[in-house]
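This report looks at a patch on the outside of a protein and at enclosed spaces on the inside. Please keep the sequence and the model in view while reading.

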Amino acid sequence: SSSVDGGKNLTIRVSADSAAISAESMEETFAASWKSPSRREAAERQMPRMMAASGIKIKVKSSKKEYLSGGTIYTLSNGLKVVVRQAASKGVVHWAMVLNGGFGHIPDLEIGEASYVSEFLDMCLLCGVKAESFKDAIRRDGITMDVDVSHSRTKFSGRIPDDGMADLMRVLLTVADTFTPDDREIDYRIRREPLALASASGTLQGRIAAIDSVMCPDYAYCTRKTGFDKDFISKAERFYKMLFSKMDDGILVLVGDVDEKHLKQVMMKYAGEFSTSGRKIPRPVVSYQPISGTILLERDGDANEID
């Protein structure tokens, strides 16, 4: 930036418990880091070509109104489903790929490990580079990606430019087909986690975790963090492989100013690269009539309370 550089218009304040950190050493470290290549530049040098379409063509099997969102749902011939909701978004499209399957589908999960399933891909190499570098590289093209795993579903979400649909497909294909655990990152996080947990002690987050441990001491799928080891990494790797093997068991949602004609062309070009299960589970049609009024629930026993 023209207004900020390493020698002027910038103030550095450092707070640390150890008196061994001197102002001189911090200044030297900062100066060296300022002059080193940015993470984005490093990622650009490392980043291999992301996966491209191999020519497997997929057709749009059907399209119909999606009444819950007010958008349109497209079903492709390999089972993938896409919901498009048009909205003014100033050149940005918000996206989410939601797949059935969450940490409740991981057998033998230890207490506290469920909270790390969402972070697993951050401990992997994606396309042969660190996940952090991969995310920096795609962010250069305006693409963001976050992962959130609940008990029963996994959601990948973020933003793309309104002309970035093909890039999003390549990113999803690359993540699904190339993720491998990063041993160095995993070792670092295993060593770091006890310190992170200790720093949260006494905070609101720490108190909630303590209450959770009292109320649900044996519940394996609680989201309080207790640390993890390499056995967890093996479980999480199997889970994500299972997840990416059935990409038709979920839905891709796009909200923004979407060119639906271009979208269909992109999906027909790239959707055939995703692994699908091919299993079809008929969903029963349920008719219901919403009612208004008052519902009274009566129960016997002591009042709910926490000592």
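## Terms and model

When residues are sorted by character, Ala, Val, Leu, Ile, Met, Phe, Trp, Tyr, Cys and Pro count as nonpolar, Asp, Glu, Lys and Arg count as charged, and the others, Gly among them, count as polar. The structure discussed here is a predicted model.

## The largest cavity

There are three cavities of 30 Å³ or more in the structure, and the largest of them has a volume of about 80 Å³. Its lining is formed by Val-93, Ile-160, Pro-161, Asp-162, Met-165, Leu-254, Asp-257, Val-258, Asp-259, His-262 and Leu-263. The elements that contribute two or more residues to this lining are β8 (153–161) and α8 (260–270).

Sorted by character, the residues lining the largest cavity comprise seven nonpolar, one polar and three charged.

## The second largest cavity

The second largest cavity holds about 50 Å³ of space, and the residues that line it include Leu-80, Val-82, Met-97 and Phe-274. At least two lining residues come from each of β3 (81–86) and α4 (165–178), and the lining as a whole divides into eight nonpolar residues, no polar ones and one charged.

## A nonpolar patch on the surface

On the surface, Leu-10, Ile-12, Val-14, Met-26 and Trp-34 make a nonpolar patch of about 440 Å². One of these residues, Val-14, is found in the segment before α1 (23–35). Val-14 counts as partly exposed because its relative accessibility is 46%, and partly exposed covers the range between buried, under 20%, and exposed, over 50%.

Methods:
Residues are numbered from 1 along each chain as its sequence is written. This is a predicted model: local features need pLDDT of at least 70, side-chain atom pairs count only at pLDDT 80 or more; totals for chains, interfaces and linings use all residues. Side-chain values use heavy atoms; hydrogens and water are left out. Patches are made of residues with over 30% relative accessible area and no salt bridge: like charges are joined within 9 Å, nonpolar side chains (Val, Leu, Ile, Met, Phe, Trp, Tyr) within 5 Å. Accessible areas come from the Shrake-Rupley method with a 1.4 Å probe; for residues, only the protein chains shown count as cover. A salt bridge is a side-chain nitrogen of Lys or Arg within 4 Å of a carboxyl oxygen of Asp or Glu. Helices (H or I, at least four residues) and strands (E, at least two) are DSSP runs, numbered from the N terminus. Buried means under 20% relative accessible area, exposed over 50%, partly exposed in between (1.4 Å probe, protein chains only). On a 1 Å grid over the protein atoms alone, a cavity is a set of points where a 1.4 Å probe fits but cannot get out, and a pocket is an open set with protein on both sides within 12 Å along at least five of seven lines; lining residues have an atom within 4 Å of a point. Grid points are joined across faces, edges and corners, and a volume is the space filled by probe spheres set on the points.
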